[in-house]
Every structure is written in structure tokens, then in C-alpha cells.
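Visitor: I would like to learn how to read aromatic pairs and contacts with DNA in a model such as this one. Could you take me through them step by step?

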There are 2 protein chains.
Amino acid sequence: MNVKQEPGSPAREPRRRAGRPRSVVLDRELIAQAALKLVTTGGYASLTMSGVAKSLSVSPSALYNHVESKQELMQWIQEIVMDGVDSTVFETLPLAEALMAWAVTYRDVLAGHAPLIPLIAVLPVSGSPHTLEMYEKVAAGFARAGWESAQIVPAIVAIESFIFGSALDVTAPLDIFDPGPNAGKIPKFESALAAQRASGQPSADAAFNTGLRAIVGGLVGSGDRRH
Amino acid sequence: MNVKQEPGSPAREPRRRAGRPRSVVLDRELIAQAALKLVTTGGYASLTMSGVAKSLSVSPSALYNHVESKQELMQWIQEIVMDGVDSTVFETLPLAEALMAWAVTYRDVLAGHAPLIPLIAVLPVSGSPHTLEMYEKVAAGFARAGWESAQIVPAIVAIESFIFGSALDVTAPLDIFDPGPNAGKIPKFESALAAQRASGQPSADAAFNTGLRAIVGGLVGSGDRRH
DNA sequence: ACCTGAACACCGTTCAAGT
DNA sequence: ACCTGAACACCGTTCAAGT
């Protein structure tokens with residue numbers, strides 16, 4: 001999935017005079033990596049143009065020679081993040097299993113980047129060749145399983161919607177459903193909550209497993225979508 | 001669903017001397033409504049403390065006598081928005097149909113408030129009695145259908161995750177999947193896309209219908225979750 | 001008790017000036 | 001071509017001062 005740097009092209013480093021502390025020669029790759037490191041270290045609240053500039057020992061305005069806006073910078077991050085989704089499974093597994101394996105890596109990858117989710121949900125894929133390749137593999141998986149053409153995109157988007165929502169859910173506090181001062185007024189929900197808690201599994205994980213099985217089963221299980 | 005103002009309590013207006021233009025007497029209700037109107041008119045980009053203050057003819061700092069932060073103000077909006085979700089259907093319809101009707105109103109209500117979604121996904125429900133009541137009705141619907149206690153919360157959260165993701169999806173541009181310069185390189189996906197487009201239905205709607213049927217069918221259809 | 005106005009500590013972004 | 005430093009137009013929030 002990850003595209004490695006080709007060892008054939010030596011990526012010639014611009015030589016730097018020694019002895020003098022100097023600022024880095026900026027480019028897209030460098031800025032994107034610095035931004036990603038910042039996010040990984042301090043979360044999205046720490047992702048500021050100033051912060052990125054500082055981590056590169058450069059003035060904030062210097063960044064604008066290479067990136068149009070913070071929004072574009074976030075799209076660069078999004079591409080790197082999406083690169084972590086494994087869609088090779090569609091080449092080796094039957095559709096239902098492939099979808100489940102794909103969804104698991106997809107959710108895990110997004111869970112650490114929740115602020116990107118509203119962006120990804122809305123971002124045209126045209127700018128991200130790798131994301132398009134992912135869709136190609138997923139679509140090919142559906143086609144190979146005999147799906148009717150017109151049903152494929154809705155099915156993909158449906159599962160993706162579930163994945164996005166589930167990834168948001170991962171970031172919720174464990175006690176999100178605690179009724180607080182309203183305890184006792186909502187008996188049915190409280191007993192359901194207590195029973196779920198007794199299982200020991202975080203509700204986000206239980207929900208993801210339950211929902212994934214349900215939606216994939218509901219989509220792939222019934223045969224009325226084949227032509 | 002909406003809690004009406006009780007006509008018994010006359011909500012005595014503080015009398016205002018006539019002739020002099022004066023600023024409003026602030027309270028939570030007034031601020032929340034002003035904020036909601038601002039959002040409805042100009043979207044979430046226009047929701048600023050200054051903007052709310054201006055619409056109330058008051059200085060921005062005055063708001064902080066009534067609300068702790070912009071975050072809290074957004075929670076007030078969230079409560080009003082969630083009040084639009086119809087969960088009475090669980091009292092009248094069989095579980096599967098109730099879930100689908102509930103999901104439809106839920107997604108429609110959220111679609112106009114996408115920036116709230118990451119907030120709602122993470123917000124403890126304890127602060128919002130109405131939301132808790134919603135969960136009680138949904139849980140009661142599952143219980144009435146004979147569901148095992150421990151399975152109910154995961155099922156609810158799973159459907160909610162799908163709804164959240166689908167609501168985000170509504171705000172995506174219609175041509176989000178346009179391959180742009182990569183046209184031709186992803187044949188399987190492109191033909192699936194063309195076939196879907198030919199149906200005339202926006203892909204977000206098609207995906208929501210497809211996915212909702214699948215997840216509800218996958219959850220409620222198979223009988224192995226009853227005790 | 002509650003409002004004003006000034007101030008603070010930030011944002012993202014632009015732009016003339018330098019090299 | 002690309003970086004710096006100053007500046008701009010905002011943010012949310014705090015706080016002394018007034019009534």
C-alpha cells in the first residue's frame with residue numbers, strides 16, 4: 001500500500017554549507033511530514049501554520065510559497081493517512097470478508113484522525129490518486145462478486161458512511177452514555193447499558209463489530225443484487 | 001417531541017421604558033435562538049460570539065455572563081437540533097420499521113448541521129435530558145422486540161454511526177467521485193459510477209437507502225439475537 | 001447582577017522588502 | 001525563487017470599570 005521512495009532516484013540533497021545553522025529547504029513532502037508529526041504528537045489542536053513553520057525553523061509566511069492554505073495542508077495529511085488503508089484484501093478474499101477486513105483498517109486509520117473525517121467525507125477524490133485506486137479495488141471486488149453496476153457505488157458509500165461514523169465514535173469518552181442526574185428516569189436504556197458494560201467491551205468496539213457484520217451481511221448476504 | 005412553552009406561566013416580560021432603543025435582556029433561551037438563527041441563515045462559518053452578540057445588540061463579552069464558552073453554546077444548539085428527531089415511532093411501529101423511520105428523521109435533522117456531528121458523537125448525553133429520552137424510547141423498542149439486553153446498546157450505536165456518517169455525506173458535492181485527470185485509469189469504478197449516475201438519484205441518498213436497509217435488515221432480520 | 005470597552009493571546013493569510 | 005518581518009482582519013475569552 002505505501003509507495004516507497006524509489007532507490008533509483010537519489011533525491012539529491014541540496015548541499016548545505018557546514019557550521020551555520022540554517023533553515024530547511026522547504027517542499028511539499030517536508031511540510032506534509034512536519035504537519036503529520038505535529039498532529040501525531042499533539043493532536044489536531046496543535047496543527048497551526050505557526051506550529052508547522054516553527055518545527056521547520058521557518059517563518060509562517062514561508063509556508064505559503066508551497067501550500068495554498070491550511071485546508072490544502074490538511075488534504076496532504078489526508079492523503080498520507082488514507083495511504084494506510086489496506087485495500088489489497090479485495091484481490092485475495094471473497095467480497096464479504098474483504099469488506100470487513102478493509103473496514104477494520106479504514107476505521108483504525110481514521111480513528112486517530114477524527115478531525116479529518118468531515119473533510120474526507122466532502123473532499124473530491126480527483127485530487128487523490130491513491131484514494132481513487134482504493135475505490136477501483138473495492139469496485140472491482142463488487143464486480144467480481146457479480147454485483148450489478150448501478151448498485152456498487154451506493155454500497156461502497158454506505159459502508160464508508162458507517163466507517164466514518166464509527167471512527168468518530170472511537171473518540172467518544174467511555175462514559176458517554178452515563179445518565180448523570182437523570183439516572184433512574186430511563187430504566188430500559190439503563191439496563192441495556194448495564195448489560196453492555198458487563199461485557200467489558202468498549203461500546204464503540206462492540207458497536208463497530210455488530211454494525212459491520214450487519215451492514216456487510218445485509219448487503220452481501222442476500223442475493224437479490226446480482227444480475 | 002418539541003416541548004412547548006407552558007401557557008400557564010406567563011413568562012413575565014421585564015417591562016421596558018418606551019422610546020429608548022435598548023439592548024435585550026439576555027438569557028439562555030434568547031442566546032440559543034439567536035445562535036440557531038445565525039447558523040440557519042449563514043451556516044456554521046458565521047457562528048461567532050461577535051456575530052451572536054451583534055444580532056442581540058449586545059457586546060460579545062456580555063454573552064459570557066450566560067454561557068461559559070462557545071462550546072457550551074454549540075451544545076445548546078445541539079439540544080435544539082436533536083429535539084427535531086422523531087423517536088415516537090418506536091411506540092407505534094415494529095422495530096425494523098421504527099428504526100428506519102427514526103433514522104430518516106435523524107439523518108435529515110443532522111444533514112443541515114454537519115459541524116455538530118463530531119460534537120454530538122463525543123458529547124456525554126448526561127447534559128441533554130431529551131437525548132436521553134430518545135435513547136430510552138429506542139431501547140424500549142429493542143426490548144419490546146425481544147432483544148437481549150447486552151446487544152441493545154451496540155445495535156443503537158451502530159445505527160447511529162451509520163446515520164452520522166450518512167449525514168456528513170449529504171454535504172458532499174455531487175461530483176465528489178469525479179476522477180478528474182485520472183479518468184480512464186480506474187475502469188471498474190468509473191463504470192460503476194456511470195451506472196449509478198444513470199439512475200438519477202444523488203449517490204448520498206442511494207447510499208443511505210441501501211445502507212439503512214442493509215444494516216437494519218442485518219440487525220433485526222436474523223433472529224439469533226433474541227433470547 | 002449584568003453590561004461595556006479595552007485588552008490579551010492567539011488564528012490564517014497577505015505583501016513589500018530583501019537575497 | 002523563496003524567505004523574513006510587519007501588518008491585517010479576524011477569533012474566543014478575560015477583566016476592571018461602570019450601573
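Guide: We shall take the aromatic rings and then the DNA strand, bearing in mind that this is a predicted model.

Visitor: How is a pair of aromatic rings described?

Guide: One gives the distance of the centres and the angle of the planes. Over all chains the structure holds 16 aromatic pairs, and in the one formed by A:Tyr135 and B:Phe177 the centres are 5.3 Å apart with 85° between the planes, which makes the pair edge-to-face.

Visitor: Why does the pair of A:Tyr135 and B:Phe177 join two chains?

Guide: A:Tyr135 belongs to helix α7 (residues 129-144) of chain A, whereas B:Phe177 sits in the loop between α8 (149-170) and α9 (187-198) of chain B, so the pair joins two chains.

Visitor: Are A:Tyr135 and B:Phe177 buried or exposed?

Guide: Both A:Tyr135 and B:Phe177 are buried. The rings of A:Phe177 and B:Tyr135 are also edge-to-face, because their centres lie 5.3 Å apart and their planes meet at 85°.

Visitor: Turning to the DNA, which residues are closest to DNA strand C?

Guide: Of the 15 residues that surround DNA strand C, the closest are A:Tyr64, A:Lys70, B:Ser59, B:Ser61 and B:His66. Sugar and phosphate make up 54% of the strand's atoms that come within 4 Å of the protein.

Visitor: Which atoms of DNA strand C do A:Lys70 and B:Ser61 approach?

Guide: For A:Lys70, a polar backbone atom is 2.8 Å from a phosphate oxygen of DNA strand C, while for B:Ser61 a polar side-chain atom lies 2.4 Å from a base oxygen of that strand.

Key
Residues numbered from 1 in each chain as written. Chains lettered and ligands numbered in written order. Predicted model: local features only at pLDDT ≥ 70, side-chain atom pairs only at ≥ 80, totals over all residues. Heavy atoms only, no water. Near = heavy atom within 4 Å. Polar contact = N/O pair within 3.5 Å; in protein donor to acceptor, adjacent residues only side chain to side chain. Phe/Tyr/Trp six-rings, centres within 6.5 Å; stacked < 30°, edge-to-face > 60°. Helix = DSSP H or I, 4+ residues; strand = E, 2+ residues; numbered from the N terminus. Buried < 20%, exposed > 50% of the residue type's maximum accessible area, 1.4 Å probe, protein only.
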